[in-house]
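Good morning, and thank you for making time for this item. May I ask you to look at the model on the screen while I speak.

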Amino acid sequence: MNESINLKPGQINGETGIWEMVIGLEIHAQISSKSKLFSGAAASFGAEANSNVSLVDAAMPGMLPVINEFCVEQAVKTGLALNAKINNVSIFDRKNYFYADLPQGYQISQFTKPIVGEGEIIIDLDDGLQTIIGIERLHLEQDAGKSLHDQHPSKSYIDLNRTGVALMEIVSKPDIRSPQEAGAYVKKIRSILRYVGACDGNMEEGSLRADCNVSVRKSGEEFGTRCEIKNLNSVRFIIQAIQSEAERQVEILEEGGNINQETRLFDTSTGETRSMRSKEDAHDYRYFPDPDLLPLEFSDSWVQKIRETLPELPDLLKKRLVNDFGITPYDASILVEEKDYVDFYQKAANGKDGKLTANWMITELFGALKKENISLSNSPISPEKLGQLIALISDGTISGKIAKDVFAEMMKSKKSPSNIVKEKGLEQVSDDTEILKLIDKVISENEDKVKDYLGGKDKLFGFFVGQVMKLSQGKANPGIVNKLLKEKL
Amino acid sequence: MSNKESIVDIPTVNKIARLSRLNIPEASKQNLTNDLNNILGFVAQLDEVNTSDVEPLASVTGHKLPLRSDKVTDGNIEDLVLKNAPESSSGFFVVPKVIE
């Protein structure tokens, strides 16, 4: 093994050389509808067991599914936001399998003709680079119920509240090459879904879950056999699961073994994946068109109407922030992650230094909120007050260093920055005569160092600046201190 | 129809039975295999029709799929939903342990 090789994310340095990962994601996003995809039962989370269940969801004989128009609209809207082809005719199929929480014995899904076809999105990576990831399709389908296995030693308890809730499955092309890209992809899809309003993106409550298809190959070779890791519900787990699964596959291949195409589960306690279903029966779903449902058809003009309701999406918004506020594309990509962030930023930066506002919001405000575990919508510092703080820094009233103290006080007291500055007497001292007094004092107290400085020890200049700043309790304007010190010495 | 090759054999019957969770007695398997081959052979006559210019069809009625608005109009009928369950407890269906 060559230790000195600089591996890119998604590469594994094995005994036989460098391997790369090939990853495709299936994201299941719960549509933010009030009722289910094919029944009028509520789609809400956390109700009493089996209370949000109609006889359609319970698959009683003779019940017929009727599709929810809102869910169709959300799928189309999401498809448009993914720059994807909208299929004006699509078909519902039955995906057959047996499980206790699937009373129909099949899931109504879309197989041959999904509502949305190929598209693509841009993802933002941590190093500021961007990559395009292809979308294979988006289709509508029913969620399954919930099984509880820990209520009884030999029985499973079944709650059908989630049965029939509308999901969109968004399938990527196998364009993803590292766990980090997979994480960025999920974040981007989540962000788009939230902008569009099709899904709340809440991963903890399971509104957004991902299945990851992972294989490995030597660069330039054909795709290897893939394994599917089911039901990952956080970006962190997605990254861990892909890394550990790819390493497992490399180990097997390098020992001369073969990868079995199978479904695997990620064990969050061990950080490893384990086999879930036997390969034999997996994916033998015997799809066929659902005879209870006619093809879903709509006109171009209906799609156009939906297109007109699309909000400004993250990619365009990002470009606009870079143009209008002069911030870096990377800062812009953080700010557009959530609609809340952009709204806050635009209010705070209105008429202010855009770059400085972005820095303060991302580093100081996000940092402080995270530490206190507060969401931006409950921030003790309003956008207007953050803007006022930025203005005080920009016009030289306070230094950046003092501003941090003011900021900390704002987090606690909700007072306006100018009040805090006044109360505590924190105004920056920019008056030449005041600063000269300080400089004289420092020089007279450090005559030996002045001699050294004049003798050629240029580095001591920083020492003098530091002493003057210290003497002013941080309030002296550092620019003026620098200028006057130079003149004086 | 019977001059077509048999496409279903006993292992295929075993597989379909397992996927469908059906327990088929050993003695019936040969008959079932013959039946399935006859049915498939009968349906295979459709292959004789030239469909190269015909779009696949998912419905023959010509009706469009009706849509409903997104309103909660159903639910809160736990008793009815659980009525036929062989076993239930505190609002849940109770089934033999199924865990993967």
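Strand β2 of chain B runs antiparallel to strand β3 of chain B, residues 92-96, and 2 bridges join the two. Strands here are DSSP runs of E with at least two residues, helices are runs of H or I with at least four, and both are numbered from the N terminus; two strands count as paired if DSSP finds at least two bridges between them. Within this pairing, B:Ser89 has B:Phe92 of β3(B) as its bridge partner.

I should say at once that this is a predicted model, in which local features need pLDDT of at least 70, side-chain atom pairs count only at pLDDT 80 or more, and totals for chains, interfaces and linings use all residues. Residues are numbered from 1 along each chain as its sequence is written, while chains are lettered from A and ligands numbered from 1 in the order in which they are written.

Which strand of chain A pairs with β3(B)? It is β10 of chain A, residues 155-159, antiparallel over 4 bridges, and there A:Ile158 lies opposite B:Phe93. The open sheet therefore has 4 strands, ordered β9(A)-β10(A)-β3(B)-β2(B), with antiparallel pairing. Its edges are β9 of chain A (146-148) and β2 of chain B (88-89); each has a single partner strand, so one side of each lacks a neighbour in the sheet.

Turning to the contact between the chains, 44 residues of chain A and 34 of chain B take part, contact meaning C-beta atoms, placed from the backbone, within 7 Å. On the side of chain B, β3(B) gives the largest share, 5 residues.

Key: Contact = placed C-beta atoms within 7 Å.
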